[in-house]
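Take a look at the structure below. Keep it in view as you read this report.

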Amino acid sequence: MRIALQEARKAGEKMEVPVGAVVVHDGRAIGKGHNLIESLQDPTAHAEMLAITAAANALATWRLDDSILYVTLEPCMMCAGAALLSRISTIVYGAADPRYGACGSKLQIADNDLLDVRANIIGGILQDECSELIAAFFKKLRQRLE
């Protein structure tokens, strides 16, 4: 999660919502990413999507079986879906997202009996640090807009 936090800080420096993600396979980080939605003007450029793509490229396969996705903010439905479709076995997140979270806060996509693929969910890891990073970003943004 510390690597994901480093990625989140990179996003914040670019005035992106500070979310970072890393995919770990066999104990090593194989894909990292941070939000680049504004920079790329791409609504799919979430930290998780970029980390999953980098991991798939590193392993030369879309199947990320036995991999763990660490992300500073609970994944949305798009990112949780991408994690499932890439066969990531575990999703670990820091701060819950009561607005768009799809790993239990708003929706439960990642561990859903209606689907034939599932992921283990572990939430609240370094929650305070992850939450504070996002809160500080939005406080700073509001100040700039005043």
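The report covers a hairpin, a helix and the salt bridges, in that order.

## The model

This is a predicted model. Every value here is computed from it.

## A hairpin of two strands

Start with strands β1 and β2. Strand β1 covers residues 20–25, and strand β2 covers residues 28–34. The two strands run antiparallel. Six bridges join them. To find one pairing, look for Val22: its bridge partner in β2 is Lys32.

Together, β1 and β2 form a hairpin. Two residues lie between the strands. In the turn, Asp26 has a positive phi of about 50°.

## Helix α3 and its buried side

Helix α3 runs over residues 47–59, which makes 13 residues. How far apart should its ends be? At 1.5 Å a residue, the helix should span 18 Å. Its end C-alpha atoms are 18 Å apart, so the model agrees with the expected span. Just after α3, Ala60 takes a positive phi of about 55°.

Which residues of α3 are buried? They are Ala47, Glu48, Ala51, Ile52, Ala55 and Ala56. These residues cover an arc of only 160° around the axis, so they sit on the same side of α3. What do the buried residues pack against? Their contacts are β1, β2, β3 (67–73) and α4 (77–85). The hairpin strands β1 and β2 are thus among the partners of this helix.

## Salt bridges

How many salt bridges does the structure hold? There are five. One of them pairs Glu129 with Arg9, with the closest N and O atoms 2.9 Å apart. Glu129 lies in helix α5 (residues 127–145), and Arg9 lies in helix α1 (residues 2–13). The pair therefore ties together parts that are 120 residues apart in sequence.

Are these two residues buried, exposed or in between? Glu129 is partly exposed, with a relative accessible area of 27%. Arg9 is also partly exposed, at 36% relative accessibility.

## Arg118 and its two partners

Arg118 forms a salt bridge with Asp111, where the closest N and O atoms are 2.9 Å apart. Arg118 forms another with Asp113, and here the closest N and O atoms are 2.6 Å apart. Arg118 is partly exposed, at 44% relative accessibility. Asp111 is partly exposed too, with a relative accessible area of 36%. Asp113 counts as exposed, because its relative accessibility is 65% and the cut-off for exposed is over 50%.

Shared partners also link other residues. Salt bridges of this kind join Arg2, Arg9 and Glu129 into one network.

Notes
Residues are numbered from 1 along each chain as its sequence is written. This is a predicted model: local features need pLDDT of at least 70, side-chain atom pairs count only at pLDDT 80 or more; totals for chains, interfaces and linings use all residues. Side-chain values use heavy atoms; hydrogens and water are left out. A salt bridge is a side-chain nitrogen of Lys or Arg within 4 Å of a carboxyl oxygen of Asp or Glu. Helices (H or I, at least four residues) and strands (E, at least two) are DSSP runs, numbered from the N terminus. Buried means under 20% relative accessible area, exposed over 50%, partly exposed in between (1.4 Å probe, protein chains only). Two strands pair if DSSP finds at least two bridges between them. The expected span of a helix is 1.5 Å times one less than its number of residues. The arc is that of the directions from the helix axis to the C-beta atoms. Contact means heavy atoms within 4.5 Å.
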